[in-house]
Amino acid sequence: LASAETYYRAAKTKEMLKSDLSEVIALLDSAVAKYAAPYPKEAAPYISERAMARSDKGMYKEAVTDYDLYYEVMGGKVSAMFYYLREQANYKAKNFKRALEDIQKTVELEPTNKDYLAEYGAVNLRVARYDEAIRNLKDALVIDPKFAACYRLIGFCQLQQGKKNEACENFNKAKELGDEAVLPMIEKNCK
């Protein structure tokens with residue numbers, strides 16, 4: 001007699017009680033199973049929740065599969081946040097090509113979101129597209145000139161390009177703004 005909503009509420013209760021994520025996912029599986037494929041839009045929230053739970057559990061490939069299913073159920077009518085969450089799962093699954101496509105779409109939908117621009121830069125950095133990464137990170141700095149992590153990442157890109165002096169300037173700017181993660185880079189490269 002349990003409905004999809006009943007399973008969903010039980011999953012959310014387990015989540016609030018900090019239960020094992022496997023239990024949460026099993027309940028969300030039951031919520032989704034209340035619908036038959038092709039899934040109706042009513043199933044979308046449960047699929048989305050399961051994708052997030054799977055991502056939280058480190059099941060990144062399975063999370064991407066759920067995000068893809070959600071996209072299909074929604075007929076492609078999704079938000080920038082959707083693309084960002086799928087990008088995160090793709091990135092952690094080491095599917096960098098799809099991660100790059102998703103973050104690109106995220107930024108197209110919300111071009112003034114500094115966090116999305118910084119993430120775009122980070123993904124470009126990961127695939128060794130240093131000029132693009134620097135451009136994305138500088139775009140984020142236009143919005144928030146005190147975004148310390150952007151200076152660190154720009155410095156890292158410049159280091160990869162052999163521009164040690166410029167890299168050290170950006171590392172020091174990141175340090176000045178309170179970025180502790182940059183300290184080993186300064187120690188190693190800027191003495």
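Taking a disulfide to be a pair of cysteine sulfur atoms within 2.5 Å, a search of the whole structure, which is a predicted model, turns up 1 disulfide. The bond runs between Cys168 and Cys190, with an S to S distance of 2.1 Å. Cys168 belongs to helix H10 (residues 164–176), while Cys190 falls in the segment after helix H11 (183–189), so the bridge ties together parts that are 22 residues apart in sequence. Its handedness is left-handed, because the torsion about the S-S bond is about -95°. The two ends differ in burial class: Cys168 is buried at a relative accessible area of 12%, and Cys190 is partly exposed at 22%.

Two further cysteines, Cys150 and Cys157, stay out of any disulfide. For Cys150, the nearest cysteine sulfur is that of Cys157, and it sits 10 Å away. That is no match for the cut-off of 2.5 Å. Cys150 is buried, with 1% relative accessibility, and Cys157 is buried too, at 0%.

Turning to the rings, the count comes to 9 aromatic pairs. One of these is Tyr35 with Tyr46: the ring centres are 6.2 Å apart and the planes meet at 20°, so this pair is stacked. The partners are 11 residues apart, with Tyr35 in the loop between helix H2 (21–33) and helix H3 (44–56), and Tyr46 in helix H3 itself. Tyr35 is partly exposed at 23% relative accessibility, whereas Tyr46 is buried at 8%.

Phe82 and Tyr83 make another kind of contact, with ring centres 5.4 Å apart and planes at 75°, so the pair is edge-to-face. Phe82 is buried at 6% relative accessibility, as is Tyr83 with a relative accessible area of 7%. Both residues are part of one aromatic cluster that also takes in Tyr67, Tyr70 and Tyr71.

That cluster also has a charge on it, as the charged end of Arg86 sits over the ring of Tyr71, 5.5 Å from the ring centre. A similar arrangement involves Lys173, which lies over the face of Tyr151 at 5.9 Å from the centre of the ring.

Finally, there is Lys94, found in the loop between helix H5 (80–92) and helix H6 (96–109). Lys94 counts as exposed, because its relative accessible area of 60% is over the 50% cut-off. The C-alpha atom of Lys94 is separated by 9.2 Å from that of Lys61, a residue 33 positions away along the chain.

How values were computed. Residues are numbered from 1 along each chain as its sequence is written. This is a predicted model: local features need pLDDT of at least 70, side-chain atom pairs count only at pLDDT 80 or more; totals for chains, interfaces and linings use all residues. Side-chain values use heavy atoms; hydrogens and water are left out. Helices (H or I, at least four residues) and strands (E, at least two) are DSSP runs, numbered from the N terminus. Buried means under 20% relative accessible area, exposed over 50%, partly exposed in between (1.4 Å probe, protein chains only). Rings of Phe, Tyr and Trp (its six-membered ring) pair if their centres lie within 6.5 Å; planes under 30 degrees apart count as stacked, over 60 as edge-to-face and the rest as tilted. A charge sits over a ring if NZ of Lys or CZ of Arg is within 6 Å of the ring centre and within 35 degrees of the ring normal.
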